[in-house]
Amino acid sequence: MIAFLRFEIVRTLRNARFLIMLIAFPVLLYLIYAKQHGTSQGLTVATLLLVSMAVYSGMGSAMFASGPQLARERHNGWMRQLRISPITTPGWFAAKLVQSVLMIIPGLAVLVVLALTYGHVHLAGGRLGTLVVIIVVGTIPFCAAGLVIGLMFDSQTAQVAQMITLLVLAFLGGIFISWSSLPSGMQTVGKLLPSYHLAQLGWNAAAGRPLGMSHVAALAAWTVGLGAIAAWRWRQESTAA
Amino acid sequence: MFHNVTKVYNGRVTALDHVNFEIPRGATVALLGPNGAGKSTAIDTMLGLRKPTSGEVRVLGMTPAAAVAAGKIGGMVQTGGLPDGAKVSELIALFRQLYHGRRSQADLLRLAGLTDIADRRVEQLSGGQTQRVRFALALAGRPDLLFLDEPTAALDVEARRSFWQSVQAIAGQGTTVLFATHYLDEADANASRIIVVSHGRIMADGTPSQIKAYTSVRTIRFSTPAPHTSALLRLPRVNEVVASGEAVTIRSGDADATLPALYALGMPVRGLEVGGGGLEEALIALTGDGGVAAGAADLGEQAERAAAVTNSSDMTRVG
């Protein structure tokens, strides 16, 4: 599994263009908006936006690291080749999950550095540390979402499905626009989404408030649910067809 | 190994129809048949990539899944792609590690003829090179049983030759090899046994020489002013005589025995032609359709084909 993980990381890193594109958009947004004045939820705009963009970049990296690539490799036959090798299903899933989580780190690092310098964000070391851990661990359900998309869609539609999912998560989860300004029906839906819960956790950590165990529970539930769907699709594909 | 296996797709298309065969360890066996015959389905089933609708498949005395997990079988599947962004050497190193280094990197590169392109990225490879990489991956575990599904489809003549040399070297080390092909010469040259498949059924199963014995049926055509059919029928090894005006067609099991006797009859023979023979003719005959590689299908040969099909029942008994 370690060998497989290393192999996957090496070849993904080689695709630097893909990595840069993943990071560029949230970084650009941060550069545009971080200088605005004002406070919200007890946080300055620069801090608030650090959390939003870190969540957005984390979700995007986690999903793009697995989804479209998986769909493409199911299509081109690489997955068939892997299935007849001794790599185990749990080993494969674990490697993909770790790979997705590691993909989050470059974007997160760039945003944190930008916030501390360009954004003049002052966060106590403890709060910043908690925030980083939350983003890294909290994106696991999005890795699972990427796997589900990669296993449900074909190579052409996976990219689009991913993009739409990401935008829905970002808008309804209150990352691009304030959640409270959404119509009430959308608020109800948004409040169910993992992006909402991850963002809330992040803002709470940055503001030094109690994190809120309900958010943690919601993210865990999403992980289990999406993981089960991915496992089901995987089994279905390996036994049927 | 393959017991009464049926595979039905979508409840409609029957890819394998109650197929039975068993392959002894150490043998090199060809699955020969036209496209859509069920060769790939059979191989996928033995690799555990597909589940049979009914019947039982055992490889090396276990289920395909168990054999895969134990790293005892290797396979080159027909649509096995490679992942973007990886180098040839990295891909082979990965598979070596998955199989706990049972074969050295240098060995694998050499066996598959990849030494010169080890540093090349996968997406820069030609079709033939990709195929050789997949061959190396299939060998990485030093498998007891190796499946090759149309392994030379994208290879040029030279690459094909060195490919089969490597396969023979591996078979020489005791690996059982089962390969699918629609190249008849390939089956003949590289297998100790040929299983002919068509429409999901086994049409013939025997050694290449048994299959070729069947193909020794020749068609002798000539014209003569007044054909004496019954005399012609008594010639050695003649199965059938068709006379139409001056044109005569004789089907013989051994043209070398028939021809001298034909001339000995003293009847005037003009424009004599001997046709047929070769595995391709046999395959067309056995599978009863022209879907085979060089499937020549002019009207004259339609009749020939139909006649040969009746004989195919004999062939199945041989196996």
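In chain A of this predicted model, residues 24 or more positions apart account for 79% of the contacts with a separation of 6 or more. The chain holds 11 helices and two strands, and from the N terminus on its elements run α-α-β-β-α-α-α-α-α-α-α-α-α. With 241 residues, a compact globule would come out near 18 Å in radius of gyration, and chain A has 18 Å, which agrees. If you like boxes, its C-alpha atoms fill one of roughly 55 × 40 × 30 Å along the principal axes. Of those 241 residues, 44% count as buried.

How far can you trust chain A? Its mean pLDDT is 89, and 99% of its residues reach 70 or more. Among its elements, strand S1 (residues 39-40) of chain A has the lowest mean pLDDT, 80, while helix H10 (residues 194-207) of chain A has the highest, 94.

**Where the chains meet**

The contact takes 24 residues from chain B and 21 residues from chain A. On the chain B side, helix H2 (64-69), helix H3 (88-98) and helix H5 (127-139) each supply at least two residues. H3(B) gives the most, with five residues. By type, the chain B side divides into 13 nonpolar, seven polar and four charged.

H3(B) deserves a second look. Nine of its 11 residues are buried, namely Val88(B), Glu90(B), Leu91(B), Ile92(B), Ala93(B), Leu94(B), Phe95(B), Arg96(B) and Leu98(B). So what do these buried residues pack against? They meet helix H1 (2-14) of chain A, together with helix H4 (105-111) and H5 of chain B. Just after the helix, His100(B) takes a positive phi of about 55°.

**Nonpolar cores**

The largest nonpolar core has 73 residues, and Leu91(B) and Ala136(B) touch the most other members. H3(B) makes the largest share of this core, with seven residues. There is also a second, separate core of 59 residues, which includes Ala71(A), Phe142(A), Ala205(A) and Ala206(A). Back in the largest core, Ala136(B) is in contact with Ile92(B), Leu108(B), Leu109(B), Leu111(B), Ala112(B) and Leu114(B), leaving aside neighbours within four places in sequence.

**Strands in chain B**

Strand S7 (residues 176-181) of chain B has six of its six residues buried, so it is largely enclosed by the rest of the structure. In a regular strand the side chains alternate between the two faces of the sheet. Here, Thr176(B), Leu178(B) and Ala180(B) point one way from S7(B), and Val177(B), Phe179(B) and Thr181(B) the other way. Strand S5 (residues 73-76) of chain B is also covered on both faces: Ile73(B) and Gly75(B) are buried on one side, Gly74(B) and Met76(B) on the other.

The pairings in chain B look like this:

| Strands | Bridges | Direction |
|---|---|---|
| S5(B) and S6(B) | four | parallel |
| S3(B) and S7(B) | five | parallel |
| S6(B) and S7(B) | five | parallel |

Some individual partners help to fix the register. Gly74(B) stands opposite Leu146(B) in S6(B), and Leu146(B) in turn stands opposite Val177(B) in S7(B). For the pairing of S3(B) with S7(B), the bridge partner of Leu31(B) is Ala180(B).

**Two residues to compare**

Pro151(B) is found in the loop between S6 and helix H6 (157-172) of chain B. Is Pro151(B) buried or exposed? It has 25 C-beta neighbours inside 10 Å, and 20 or more is enough, so Pro151(B) counts as buried. Away from residues up to four places off in sequence, Pro151(B) touches Met76(B), Gln131(B), Phe135(B), Phe163(B) and Phe179(B). Of these, Met76(B) is one of the buried residues of S5(B), and Phe179(B) is one of those in S7(B). The C-alpha atoms of Pro151(B) and Gly128(B), 23 residues apart along the chain, are separated by 9.7 Å.

Asn20(B), in strand S2 (residues 13-21) of chain B, falls on the other side of the scale. With 12 C-beta neighbours inside 10 Å, Asn20(B) counts as exposed, because the limit for that class is 12 or fewer. Asn20(B) and Arg201(B) are 181 residues apart in sequence, yet their C-alpha atoms are 9.1 Å apart in space.

Technical notes:
Residues are numbered from 1 along each chain as its sequence is written. Chains are lettered from A and ligands numbered from 1 in the order in which they are written. Two residues are in contact if their C-beta atoms, placed from the backbone, lie within 7 Å. Ala, Val, Leu, Ile, Met, Phe, Trp, Tyr, Cys and Pro count as nonpolar, Asp, Glu, Lys and Arg as charged, and the others, Gly among them, as polar. The radius of gyration is taken over C-alpha atoms; the globule rule is 2.2 Å times the number of residues to the power 0.38. Two strands pair if DSSP finds at least two bridges between them. pLDDT is the predictor's confidence in each residue, from 0 to 100. A nonpolar core is a set of buried Ala, Val, Leu, Ile, Met, Phe, Trp, Tyr and Cys residues joined through C-beta atoms within 7 Å.
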